[in-house]
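Trainee: Got a minute to go through a model with me? I'd like to start with the core.

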Amino acid sequence: MTTLTEAPAPVEERAPERKPRRNWTPWVLLLPGLLWLTVFFLVPILTSVSASVQTGNYDDGFKLTWHWANYQDAITKFGTQYYHSLVYSLITTVVCLALAYPVAYFIAFKGGKWKTLLMALVIVPSFTSFLIRTIAWKTILADNGTVVHTLNSLHLLKITTALGWTVGNHVLASPAAVVCGMVYNFLPFTILPLYTSLEKIDPRLHEAGADLYCSPFKTWRRITLPLSMPGVIGGTLLTFIPAVGDYINAQLLGNPNTTVVGQRIEDLFLRQTNGYPVGSAMSVVMMVGTLVIVMTYIWRAGTEDLL
Amino acid sequence: MTGSSSFELSRYTNRTRLTSTARRMSRRSLLRGAMAGGIAVAGASALSACGVQGHVVPPGSKDNGQAGHDYSDTEKKVVFANWPAYIDVDPKNQNKRPTLDAFVKQTGIQVEYLEIINDNNDWYTKVDPSLVKGIDTGYDIMVVSDYMVAKYRTYDYIQAFDLEYLPNHSKLLPNVLHDPTDPGRLHSIPWAYGYTTVAYNSNLVKTPISSIAEIFTRPDLKGKVSLFSEMEDTVAMALLAQGLDPEHFTDAQFNQALEYIRRAKDAGQIRSFTGNDYLSDFQQGNTAVTMAYSGDVAQLGKPNLVTVDLPKEGLLAWSDNCVIPNFARHKKNAEKLLNYYLQPDVSAALTDYIDYIPSVQGAVAALQQLDSTAAAVPLIVPTKEMQAKARGFMALSIAQLNDYTSRFQQITGQ
């Protein structure tokens, strides 16, 4: 308390030196960003929140009737889709992390002069359209393709089918195919932040760990992992958030029993003349749900200042 | 690089962008409370301003639609929106469309031919906003299915033809003219007639399929069947499979059909509900059995892909029709184009390529001269028995159509 009451004195001393003119520069610099956010974030959000409590159809128009039952419809009728979206994106995030960590670790610490090239290899596939890359998986996993033949001759598909991951003796049109596609598409987004944070770690810390008789695993667990946590958090968020909203993979690689929220929203918006309200309600639920999950995650991870 | 990629992603997963922005917003603005007040104040007033105005019933009527100013004489062009693979193409040069090119040569009217319709409902929601506002959609001719013609007419969205520019209208076959959705055919002219039936890959299905019920129930086809995502097609198949009539059915029977589809879906019998893109999976051997539009499989010309000409229970008959939407800029040119396609020779040439049933008198005779093998294909020139067993889909009111469609889509998960 004493410091607070004493603090103003030096400020007052310095005050006359500064010109009492108001500085507009930051505001001017912020203006494009604020405008952008208003037009492309605030307005669409308001529109969809508004649409979510309207009733009507294309031809007779939509009216704001505060019809909250749209939310009830959105949740009760499409519960399965919410469940699918959540489960697929969580699995994707975990698998991505498990795959990405060793890759990022290897590139960061063992990559040497090849680092840039290796990172480029990770990123370059993303230059192709997301859609094309997903369609490519249809060919990779085709029923008559090598992958499926191999898995079949190893009788692996019997196990995955028993687990409910695949259907019959094929991989396409199954939950496993959807997750495969998602993992492939989002892997670079996990690797990049992980690599950035791993690369910053001083390799001498590893040497120090070894000097102090720490096993390599313990060094990783006590030193590398905590220091790379920002990358882990960043990577998982960058994977989870797009994955939970993704529906291209479920659309192209899934079957009628693997539908996710996005597919239903697309359908309500594009193919049903009275679908706007429930579709919007679903989007709002999805948005709020994701927000809650992400905020909880950040809060639990205690890394708020890192983002 | 992350930036550019995540932008690219966001094009396909629109809500991704919203959610991730939502996160940042919440930190920068909501948590600090800088904008929260603003949102609340602006929100309340903005929310109520967000309603969408509906169809303003304009002057004009169901019988005439609404004509805009016709620019046909000054702008020698016509914009034609059609489905993919619905026109003859020169086998040597994919960019050449013989019948269309001949029309351009004859009349000097340029045709902007767009293969942009993939789904009736999808297309409806695309043009509807313009039609609701009473403005030009940008298309002079669009091809829509029979039951949609009824829907467009209910809302007074399509124009009546001026027969002065359509003298060949009289050449339409009598059964085509007596259409329940458009008696006299003054608003719609069939581009193609066809059947919805079943097709299978004989390499993958050893026991031939002869009935519709098999695709829903046969255990060896589990996870290999692809159905259509359009309600009419699939519900009609389910009705037929249970011995019901798609031309006359009750609410209870509709529910029964839905239940039939749901059971097959839940049992994992159905691999996918597809739109017009069903052929790619079928050709690749990913789906062994599919519902099929009559001409499509024949067009592929692969001996192992077999179309069942006449399933035991019957077939669904339908038509895709050319209509002229309200305020089309080039109505007269559009009518000239339609008139051109109503000539027996042109109709036969088109039929020969797209393999659908022609609707003009003399077209079958012309086809026999042009290509006698095609004329012997029962799905192009149907037999008496097929005609007898083919059923249309019951005419539905708009409320019924919307209700049935959304309940069907509830099951398909499309």
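Trainee: Which residues touch the most other members of the largest nonpolar core?

Mentor: Ile141(B), Val198(B) and Leu337(B), out of 99 residues in that core. A nonpolar core is a set of buried Ala, Val, Leu, Ile, Met, Phe, Trp, Tyr and Cys residues joined through C-beta atoms within 7 Å. Buried means 20 or more other C-beta atoms within 10 Å of the residue's own, exposed means 12 or fewer, and partly exposed is in between; C-beta atoms are placed from the backbone.

Mentor: Keep in mind that this is a predicted model: local features need pLDDT of at least 70, side-chain atom pairs count only at pLDDT 80 or more, and totals for chains, interfaces and linings use all residues. Residues are numbered from 1 along each chain as its sequence is written, with chains lettered from A and ligands numbered from 1 in the order in which they are written.

Trainee: Where does this core lie?

Mentor: Between domain 1 (77-192 + 319-380) and domain 2 (194-317 + 396-412) of chain B, because both give residues to the core. Those bounds come from an automatic or database domain assignment.

Trainee: What does Val198(B) contact?

Mentor: Leaving aside neighbours within four places in sequence, the partners of Val198(B) include Ile209(B), Val289(B), Met291(B) and Pro311(B). Contact means that the C-beta atoms, placed from the backbone, lie within 7 Å.

Mentor: There is also a second, separate core of 57 residues, which includes Ala74(A), Cys96(A), Leu187(A) and Val244(A).

Trainee: Back to the two domains of chain B. How many residues of each are in contact?

Mentor: 18 residues of domain 1 of chain B contact 16 residues of domain 2 of chain B. On the domain 1 side, helix 5 (120-133) and helix 6 (146-154) of chain B each give two or more residues. Helix 6 of chain B gives the most, with three. Helices here are DSSP runs (H or I, at least four residues), as are strands (E, at least two), numbered from the N terminus.

Trainee: And how far apart are the domain centres?

Mentor: 26 Å for domains 1 and 2 of chain B, taken over C-alpha atoms.

Trainee: I spotted Trp123(B). Buried or exposed?

Mentor: Trp123(B) counts as buried because it has 22 C-beta neighbours inside 10 Å. Trp123(B) is found in helix 5 of chain B. Not counting residues up to four places away in sequence, Trp123(B) touches Ile117(B) and Val144(B).

Trainee: What about chain B overall?

Mentor: Chain B has 18 helices and eleven strands. Of its 414 residues, 44% count as buried.

Trainee: Switching to chain A. What does UniProt place at residues 82-297?

Mentor: The unreviewed entry has "domain: ABC transmembrane type-1" there. UniProt positions are in the numbering used here, feature names are shortened, and annotations may be inferred rather than shown by experiment. In the model, residues 82-297 of chain A are 77% helix and 0% strand.

Trainee: Where is confidence lowest and highest in chain A?

Mentor: Lowest in helix 1 (residues 2-6) of chain A, at a mean pLDDT of 47, and highest in helix 5 (residues 79-110) of chain A, at 96. pLDDT is the predictor's confidence in each residue, from 0 to 100. Over residues 1-5 of chain A the pLDDT is below 50, and beyond near neighbours in sequence this stretch has zero contacts in the model.

Trainee: And the chain A average?

Mentor: Chain A averages 89, with 92% of the residues scoring at least 70.
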